[in-house]
Amino acid sequence: MEILLSDLAREVGGEVIGDGARPIDGVATLETAGPRQISFFSNRKYRQEFMATKAGAVIVGPKDAQGQRPEAASLLVVGDAYLAFAKVSARFHPPATYPAGVDPRAAVDASASIDPTATVMPFAYVGPRVKIGARAVIHANCAILADAEVGDDCLLYPGVVVRESCTLGARTIVQPGAVIGGDGFGFAFEPAKMRHFKVPQAGVVRVAPDVEIGANTCLDRGTLGDTVVGQGTKIDNLVQIAHNVEIGPLSLLAGCSAVAGSTRMGKGVILGGQSGIIGHLEIGDGARVASAAAVYGDIPAGGAYGGHPAIDQTRWLREQAATHELPELLKEVRALRKRLDALEGGES
Amino acid sequence: MEILLSDLAREVGGEVIGDGARPIDGVATLETAGPRQISFFSNRKYRQEFMATKAGAVIVGPKDAQGQRPEAASLLVVGDAYLAFAKVSARFHPPATYPAGVDPRAAVDASASIDPTATVMPFAYVGPRVKIGARAVIHANCAILADAEVGDDCLLYPGVVVRESCTLGARTIVQPGAVIGGDGFGFAFEPAKMRHFKVPQAGVVRVAPDVEIGANTCLDRGTLGDTVVGQGTKIDNLVQIAHNVEIGPLSLLAGCSAVAGSTRMGKGVILGGQSGIIGHLEIGDGARVASAAAVYGDIPAGGAYGGHPAIDQTRWLREQAATHELPELLKEVRALRKRLDALEGGES
Amino acid sequence: MEILLSDLAREVGGEVIGDGARPIDGVATLETAGPRQISFFSNRKYRQEFMATKAGAVIVGPKDAQGQRPEAASLLVVGDAYLAFAKVSARFHPPATYPAGVDPRAAVDASASIDPTATVMPFAYVGPRVKIGARAVIHANCAILADAEVGDDCLLYPGVVVRESCTLGARTIVQPGAVIGGDGFGFAFEPAKMRHFKVPQAGVVRVAPDVEIGANTCLDRGTLGDTVVGQGTKIDNLVQIAHNVEIGPLSLLAGCSAVAGSTRMGKGVILGGQSGIIGHLEIGDGARVASAAAVYGDIPAGGAYGGHPAIDQTRWLREQAATHELPELLKEVRALRKRLDALEGGES
C-alpha cells in the first residue's frame, strides 16, 4: 500500500509542511523509519530522536511544527498528533481477517447458536445455548460456557474463558487468557462449623460494546446483581474487577489495577497501573487515580488522587516533598529544644 | 422453587417479623427484589436502599430489626445476616450439575485413573498416572499433568493447569486459568558463566480440602519441600503464592495479594487486596493485613497491619494522619526558629 | 541414582569435612533429609534446623563450615553454597523428557514448520508459517499464532499463548498461562466521536535465548517497534510488561512486578515483587528495586531504590524511620511553641 503524504494529511485533517507528494508506504518509530515511512513525535523526551530521524514524514502537533525540524522529513501538522498517528497507523495495519465457519475440531453444543459469518477455531468449546454474533472470532482454546453471549464483531484471542450467562457487547476485543465471569470472592464465616460458607455468585458480567479486556484480566460475576463494564471502556492486562463493580463508559484501567467489590465508577475514569480501590466506594466521573495509588475512600468527579493512602494528587506531592525533609526536621526540632532549654535555663 | 418465609427462617435459625406465610421464590438485591423475593441488609451504607426496597422479605441482624423497616417487607431476623443470606441464596442457587463421563474429545492417558462418576470435558488433557476423584468436574481446556491428583467433588473451571504431582483436596474449586504447580522462581547466579542457573523446583503444591482458588491465580511448587494450602482457605483472583509458602487453614487471600517464598502463615489469616508479604517471614494465626500493605517483617498472632512498610494498623493510621500535617509542620518549625532567633538575638 | 559425597564435592568445586565416601541419593530440606540425602544451609534464619538436621551431608559456605556443625552430617564446603546446591539438585532432578512428534490431536497448520525432534501435545494449536525448533516442547492447549517462532529446546507449559510474529529464543521456558504478544494498551481519545481509538499494536515481542517467563505473565507486543527481553533474564509469575519495554539481559523480575510502556532497563536489573515502574523511564544496569516500590523516575546504574514513590533505598529507610517518630514530633513541636509563647510572654 502506498499513499501520498498529502492524502494522509487530508484524511486526518492536517496540513503538510514540506513535500506533500511524497509516497508513504508504512509507519515506523523515529529511530527506525526510512524515507518512505511516516513517524510521529509528541513526547518531548524524544526530541533528539525527532531531530535525527530519517523518516520521510513526521506527524506533529502545532507547537512542534514551529521550531526546528529534521532535515529529511516533511511534517504532517495536526491538532492531535497522537490521534492522527493512530489513524494513519490503522490505515497501514488493517485488522487480521479470519475465514468464517466453525472448525470441525471445535466442540459446539447442539443448542448453541453461531452466526454463519462467525469464526470458531480448533479446540474452542461453545456450551449449551451460547450465542455467537456475526463476524465474531473465537480463537483456539477459548471456552464459552452455557448461556453466554458474544456480540457481533467480537474478537476473542486464545484461551479466553467466558463463564455461564455472561454477555459481551459488539466489537469487544478480549486478549488471551482473560476470564469473564469467574465467581466473586464471597464467603460467610460459619463459626459453628468452622468453615467459610460459599456465597452463591448468582449474577453475571455484562460488558457493553466497544470494550477491550486485557490478557489474563479477571472480571468476576456479581453475587446477586451484575458486574458491569460501560461502553468504550478499555481494560489492560492482569486487572482484577471484583463482583458487582460498575465501571462507567469510556474509562481506562491500566495494567494490574484492581477494584474491589461493589465499587461504582463513573464515566471516563482513569486508573493508573497497579492502583487499587477498595470496595463499596463511589468514584466520580473523570476521576484520575495515579499509578500504585491505594484508594480507601470516595473520589469526587474530576478528582486526581495519588499515594498510599490516596489523597488529592497535588496534596500528596506536597506531603511527599515534606517527608523528604523529615529526617532533617527531626534534627532541627532537637536543636530548637536545646536552644529553648538554654534560654529557659538562662532565665531561671 | 417456592419456600415460605417462615420455613426459610426456621432453616437459618431466625425469626420473622411480619408475614411468615409469604412465599419466596428467589433472592435479589435490595434495589431489584420484588414481592416474592428475599434480600438482605447488613452494610449501613445501603440504608436508603433498604428503606426503599420492594422485596417481600429482608434478612437483617438483630440491630436492624429494631428501627424503622421498609413498608412492603417482612424481616427475617437472625444473628448473622450475611451468613443467613448466603444459606438462603444457596437454597435457591444449587450448584450446576454435569453428566458423568469422559468426553471422547478429551485426551486421557491410558495410565490415568478417573472415577466413573467424574466429568471430563472436551479438550481436557489428563496425563500419565493422574487420579481424578468421584464426582470431580474437569472443564474444557484444563491440563492435569503427570501424577497429579484431583480429589473427590473438585470443580476445575476451563483453562486450569495442575502441573506434575500436585494434589488438590476434596471439594476444592478452581476458577478459570489458575495455575497450580508452576516452577518456583529460583535461580543461582553463576558468575563464571554469566548466567542464572535454574534451581530445580522439585517439590509440589499440596492443596487441602475445601479450598477455593481464584481465576488466573498462581501457586508455585516447592523447591525441595512443598507449597501448602490449608483446609478451608479461600484464595481470590490473580494471587501469587511463591515456592514453599505455607498457608494455614481457613485463611482468606484477597485479589492480587502475593506471598514470597518460604513465608509461613498461620490459620485464619486475612490478606487484603494487593497486599504483599516478602519471603521467609512468619505470619501468626488470625493476622490481618490491610489492602495494599507491604509486609517486610513478621506479624504476631492477631496482629492487624497496614501501610508501606506495613506496621500495626492503628499506629499506621496515626502516622498517616500526622503526615497530612507535615507540610504545615515544616512551616511551623521555621516560624519557631525565627522566634527563637529573635529571642536569642534580643538577649545578646 | 547414587553419588558419593566426594564426587559431588569435586563436581561443584568444594571440599568435604567429614565422610566423603558417604553415598548420596537425593536432596532434601534440612528438616526432612535423611542420612542418604544432602541438604544446604545458607540463610541464618534456619540455623536451628541446620543444627538439628538428620541429613547425611549439608552444603555450606566457608563461614558456616567453621562453627558448630550437626552431629550426623558431613559438610560440603564451597564458595557459593546456593549455587552448589542448585547444581547438586539438578544432578538428582534432570528435566522431564517428552517423546518427539506431533500428537494427532494437535492442530497444526499445513504451512507451519515443526522440527521432527520437537514435541507437540494434544490440543496445541500451531498457526500458519509458525516455526518450532529442535527438541522444543509445546504442551497441551498452547496456541502459537501465525508467523511466531519458538526456538530450539524451548519448553512451553500448558495454556501458553504466543501471538502473531513473536519470537522466543532457544532454551526459553514459559510457565503455564503466560501470554506473549498481547496487544499493548494504546488508545487515542477522539472527542468528536467520543471514543478511544485503538492504536494498532503493530510490533512484536522478541525474547532472547535462556529466558524464563512465569505463569500467567503478560508481555505485550510493541506499538511500532518491539518489546524486547534480553538473554538470560528470568521473569516470575503475573508480571506485566507493557508495549515497547526493553529489558536487558540477566535481569530478574519477581512476581507481580510491572513495567509500563517504553521503559528501558539495563542489564542485571532486579525488580522486587509487586514493584512497578511507570513508562518512558531509563533504569540503569544493575539497578535494584525493592518489593512494592513505585518507581516514578529514572534510576541510575547500580541504584537501589525503594518506597512509594521510590527513592534511594537507604534514604527511604531513614525517612520511614523518621515517619515513625512523626506523631511524637507533632506533640513536641506543640510543646516547644507553648514554651516559646511563655518565654515571649515573660519578656513582654
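This passage describes the fold of one chain, a sheet within it, and the contacts between chains in a predicted model.

Chain A was examined as a whole. It contains 5 helices and 40 strands. The domain assignment splits chain A into domain 1, residues 3-92, and domain 2, residues 101-315. The C-alpha centres of these two domains of chain A lie 37 Å apart. The C-alpha trace of chain A spans about 100 × 80 × 30 Å along its principal axes. Chain A has a radius of gyration of 27 Å, whereas a compact globule of 348 residues would have one near 20 Å. Buried residues nevertheless make up 59% of the 348 residues in chain A. Among the contacts in chain A with a separation of 6 or more, 20% are between residues 24 or more positions apart.

Strand β6 of chain A covers residues 57-60. Both of its faces are covered. A:A57 and A:I59 lie on one side, A:V58 and A:V60 lie on the other, and all four are buried. In a regular strand the side chains alternate between the two faces of the sheet. Strand β5 of chain A, residues 37-41, runs parallel to β6(A) and is joined to it by 4 bridges. Within this pair, A:S39 stands opposite A:V58 of β6(A).

A sheet was also traced in chain C. It is an open sheet of 10 strands, and the pairing is parallel. The strand order is β9-β12-β15-β18-β21-β26-β29-β32-β35-β38. The edges are held by β9 (107-108) and β38 (294-295) of chain C; each has a single partner strand, so one side of each is left without a neighbour in the sheet. At one of these edges, β9(C) runs parallel to strand β12 of chain C, residues 125-126, and 2 bridges join the two. In this pairing, C:V126 of β12(C) is the bridge partner of C:V108. Strands of a sheet pair through backbone hydrogen bonds, either parallel or antiparallel.

The chains were then compared by superposition. Chain B superposes on chain C by a rotation of 120 degrees, with 0.0 Å of shift along the axis and an RMSD of 0.0 Å. The two copies are thus related as by a three-fold rotation axis. Chain A superposes on chain C by a rotation of 120 degrees, with 0.0 Å of shift along the axis and an RMSD of 0.0 Å.

Contacts between chains B and C involve 51 residues of chain B and 56 residues of chain C. On the side of chain B that touches chain C, the elements giving two or more residues are β21 (179-182), β22 (187-190), β23 (195-198), β26 (218-220), α4 (313-324) and α5 (326-347). The largest share of this side, 7 residues, comes from α5(B). By class, the side of chain B that touches chain C has 29 nonpolar, 12 polar and 10 charged residues.

Between chains A and C, 56 residues of chain A are in contact with 51 residues of chain C. On the side of chain A that touches chain C, α3 (81-92), α4 (313-324) and α5 (326-347) of chain A each supply at least two residues. Here α5(A) gives the largest share, 9 residues. The side of chain A that touches chain C has 26 nonpolar, 22 polar and 8 charged residues.

How values were computed
Residues numbered from 1 in each chain as written. Chains lettered and ligands numbered in written order. Predicted model: local features only at pLDDT ≥ 70, side-chain atom pairs only at ≥ 80, totals over all residues. Domains from an automatic or database assignment. Rg over C-alpha atoms; globule rule 2.2 N^0.38 Å. Buried ≥ 20, exposed ≤ 12 C-beta atoms within 10 Å, placed from the backbone. Contact = placed C-beta atoms within 7 Å. Least-squares fit on C-alpha atoms with pLDDT ≥ 70 in both. Nonpolar A, V, L, I, M, F, W, Y, C, P; charged D, E, K, R; others polar. Pairing = 2+ DSSP bridges.
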